[in-house]
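Visitor: I should like to see how the terms used for this structure follow from their definitions. Please show the structure before we begin.

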Amino acid sequence: MMNFEGQVVLITGAGRGLGLAYARCIGQLGAKVLIQDLGTDAHGDGEDPQVAQLAAEQLRLEGLKAEAICGAVDSRDACHDLITRAMKIYGRLDALVHNAGWVDYESIETIQENSFDRMMAVTVKAPLWLCQAAWPVFKAANYGRIVITTSCRALFPHYAQNGLASYAAAKLAAVGLVNVLACEGKQHGIFINAISPVAKTRMWGINETPDELRPSEVAPGLAYLASANCVDTGWILRAANGQFHATRAQEAAHVDYPRNLRAIHATTMNEVAANWSKIAIANKEPR
């Protein structure tokens with residue numbers, strides 16, 4: 001039977017919403033769960049250490065093994081310190097889930113450099129530095145599972161929304177990080193994947209239990225990616241409403257990149273224009 005018995009899993013942003021659902025699901029499967037959450041508001045502002053502490057206490061009342069681990073993830077030093085303290089709690093670390101993040105709407109005309117940098121710090125830099133800090137631990141064990149969060153708002157043009165330029169840029173950058181680390185980690189037994197979840201949480205402005213798109217319906221997919229049973233790497237798991245679909249960019253067969261793309265040949269701009277309907281194979285509006 002698949003379970004996490006004897007394993008330790010660190011989950012960022014696990015005090016509420018999706019992160020708490022992940023912690024509960026993995027805890028129910030036998031893991032010792034470390035809950036990191038800065039306790040910010042829906043816009044990523046402020047700090048409340050009680051959020052993580054209360055979440056851990058609630059899971060313990062449910063008979064699960066959970067501990068709160070305080071600290072930010074907005075810098076390299078903070079991320080390295082978080083992994084160091086995580087190792088001191090249970091003496092091991094088997095899986096890392098980076099769930100922390102938020103949604104902030106800013107039109108292209110109003111985006112400020114500090115808000116863009118902040119989005120990148122939590123969405124891209126944090127998983128990079130957390131992985132860097134955990135890498136020696138996983139290499140020494142010849143085992144590790146890492147899950148990083150992305151979003152269909154970035155992956156698919158027809159799900160793009162006004163005001164999410166910073167968010168989408170960061171979420172797509174997270175996929176590039178997964179692609180490279182999947183290559184670097186495989187030889188060491190470190191498998192890394194992304195999850196693109198959809199659930200009604202406070203980021204939707206919903207604080208009560210939703211009647212659909214529940215966080216608990218996403219959690220089983222996340223649990224699988226973080227488990228020893230997952231031996232695939234470099235995938236994106238789309239998860240919503242109890243349904244799951246794994247995807248990734250895949251090159252066409254027999255391509256000799258970059259010399260032969262097995263594609264439309266053109267030597268002038270006019271030839272490109274004349275053949276555009278064949279070149280842009282996805283040029284139709286989605287149904």
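Guide: The questions below concern salt bridges, accessibility, helix packing and a surface patch.

Guide: This is a predicted model, in which local features need pLDDT of at least 70, side-chain atom pairs count only at pLDDT 80 or more, and totals for chains, interfaces and linings use all residues. Residues are numbered from 1 along each chain as its sequence is written, and side-chain values use heavy atoms, with hydrogens and water left out.

Visitor: Why is the contact between Glu67 and Arg60 called a salt bridge?

Guide: A salt bridge requires a side-chain nitrogen of Lys or Arg within 4 Å of a carboxyl oxygen of Asp or Glu. For Glu67 and Arg60 the N to O distance is 3.9 Å, so the pair satisfies the definition.

Visitor: How many salt bridges does this rule give?

Guide: The count is five. Among them is the pair Arg85 and Asp81, at 2.8 Å from N to O. Arg85 and Asp81 are separated by about one helical turn because they lie four residues apart in helix H3. Another is formed by Arg214 and Glu217, whose closest N and O atoms are 3.0 Å apart.

Visitor: What makes Glu217 partly exposed?

Guide: Buried means under 20% relative accessible area and exposed over 50%, with partly exposed in between (1.4 Å probe, protein chains only). Glu217 has 22% relative accessibility, and therefore counts as partly exposed. Its partner Arg214, at 30%, is also partly exposed. The term applies likewise to Arg85 at 27% and to Asp81 at 38%.

Visitor: Why is H3 called oblique to H4?

Guide: Two packed helices are described by the angle between their axes and the distance between the axes. Helix H3 (residues 76–90) and helix H4 (residues 113–141) have axes 8 Å apart, at an angle of about 40 degrees. That angle makes H3 oblique to H4, because angles under 35 degrees count as roughly parallel, over 145 as roughly antiparallel, 65 to 115 as roughly perpendicular and the rest as oblique.

Visitor: Which residues form the nonpolar patch on the surface?

Guide: Ile264, Val272, Trp276 and Ile279 form this patch, with about 340 Å² of accessible area together. Patch residues have over 30% relative accessible area and no salt bridge; like charges are joined within 9 Å, and nonpolar side chains (Val, Leu, Ile, Met, Phe, Trp, Tyr) within 5 Å. Val272, which lies in helix H8 (residues 269–274), has 33% relative accessibility and so counts as partly exposed.

Methods:
Areas by Shrake-Rupley, 256 points an atom, 1.4 Å probe, with all protein chains shown as cover. Helix = DSSP H or I, 4+ residues; strand = E, 2+ residues; numbered from the N terminus. Axes fitted to C-alpha atoms, helices over the stretch in contact; angles between N-to-C directions.
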